[in-house]
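I opened my notebook to a fresh page for this one. Come along while I look things up.

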Amino acid sequence: MAKDILGDAGLHFDELNKLRVLDPEVTQQTTELKEECKDFVDKIGQFQKIVGGLIELVDQLAKEAENEKMKAIGARNLLKSIAKQREAQQQQLQALIAEKKMQLERYRVEYEALCKVEAEQNEFIDQFIFQK
């Protein structure tokens, strides 16, 4: 009966017969909640560590991807410059070929002219020899 009167006043005895303000059942629930909160905080800490590791990994992969992208851009630019160099070299060679063809044509015309002169001189020599 004294327990009921104290219980109505908000006072309770625990298992060690100490006077408490909270009901032992509420105290137990509070303790359980405290432990669950601690477990939750520990799990959140582990989650943050895992997420932090994942973020670091993603950042590292992003840097590597950016490096590979830069390498690819550099290789593409190098390829373009090589193609331009080859095109320029091809144009130079075509110009040289055209120049050599013109020179060949000049030599051919000169050769034909010299052959004509030789034929005329041989004819002149033959006529000169037959006249004597």
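What follows are my entries, roughly in the order I went through the structure.

**Entry 1: the overall picture.** I am working with a predicted model, so I keep that in mind throughout. I started with the elements and found 2 helices and 2 strands in the protein chain. Reading from the N terminus, I noted the order α-β-β-α. The helix I kept returning to is H2, which covers residues 24-131.

**Entry 2: burial and surface.** How many of the 132 residues of the protein chain count as buried? I wrote down 2%. The chain exposes about 12,600 Å², and I noted that carbon and sulfur atoms supply 60% of that area.

**Entry 3: a negative patch.** Next I looked for charge gathered on the surface. I found a patch of negative charge made by Glu32, Glu35, Glu36, Asp39 and Asp42. I checked one of them further: Glu32 sits in helix H2. Is Glu32 buried or partly exposed? Its relative accessibility is 38%, so I put it down as partly exposed.

**Entry 4: a nonpolar patch.** I then turned to nonpolar side chains on the surface. Leu54, Leu57, Val58 and Leu61 form a patch there, and together they have about 360 Å² of accessible area. I looked up the place of Leu54 and found it in helix H2.

**Entry 5: salt bridges, the count.** How many salt bridges are there? I get 3. I took them one by one.

**Entry 6: Lys71 and Glu68.** These two side chains meet in a salt bridge at 3.6 Å, N to O. For my own check, the cut-off is 4 Å, so a pair at that distance qualifies. Why might these two be placed to meet? Lys71 and Glu68 are 3 residues apart in helix H2, so about one helical turn separates them. I also looked at how open the two partners are. Lys71 is exposed, with a relative accessible area of 57%, whereas Glu68 is partly exposed at 47%.

**Entry 7: Glu105 and Arg108.** Here I noted a salt bridge with an N to O distance of 2.2 Å. Once more the partners lie 3 residues apart in helix H2, which means a separation of about one helical turn. Glu105 counts as partly exposed, at 37% relative accessibility. Arg108 is partly exposed too, with a relative accessible area of 37%.

**Entry 8: Arg108 again, now with Glu112.** Which residue besides Glu105 does Arg108 meet in a salt bridge? I found Glu112, at 2.5 Å from N to O. Both residues belong to helix H2 and lie 4 residues apart, about one turn of the helix. Glu112 is partly exposed, at 43% relative accessibility. With Arg108 as a partner in both bridges, Glu105, Arg108 and Glu112 are joined into one network. I drew that trio in the margin.

**Entry 9: aromatic rings.** My last search was for ring pairs, and the structure holds 1 aromatic pair. The partners are Phe124 and Phe128, stacked, with 6.4 Å centre to centre and 20° between the planes. Why do I call the pair stacked? The angle is 20°, and planes under 30 degrees apart count as stacked, so the label follows. Pairing itself needs centres within 6.5 Å, and the 6.4 Å here meets that. Phe124 and Phe128 lie 4 residues apart in helix H2, so they are separated by about one helical turn. Is Phe124 buried or exposed? It is exposed, with a relative accessible area of 56%. Phe128 is partly exposed, at 44%.

**Entry 10: looking back.** To tie the pages together, I jotted down three things to revisit on screen. One is the patch of negative charge that includes Glu32. Another is the network of Glu105, Arg108 and Glu112. The last is the stacked pair of Phe124 and Phe128.

Notes:
Residues are numbered from 1 along each chain as its sequence is written. This is a predicted model: local features need pLDDT of at least 70, side-chain atom pairs count only at pLDDT 80 or more; totals for chains, interfaces and linings use all residues. Side-chain values use heavy atoms; hydrogens and water are left out. Rings of Phe, Tyr and Trp (its six-membered ring) pair if their centres lie within 6.5 Å; planes under 30 degrees apart count as stacked, over 60 as edge-to-face and the rest as tilted. Buried means under 20% relative accessible area, exposed over 50%, partly exposed in between (1.4 Å probe, protein chains only). Patches are made of residues with over 30% relative accessible area and no salt bridge: like charges are joined within 9 Å, nonpolar side chains (Val, Leu, Ile, Met, Phe, Trp, Tyr) within 5 Å. Accessible areas come from the Shrake-Rupley method with a 1.4 Å probe; for residues, only the protein chains shown count as cover. Lys and Arg count as positive and Asp and Glu as negative; His and the chain ends are not counted. The place of a charge is taken as NZ of Lys, CZ of Arg, CG of Asp or CD of Glu.
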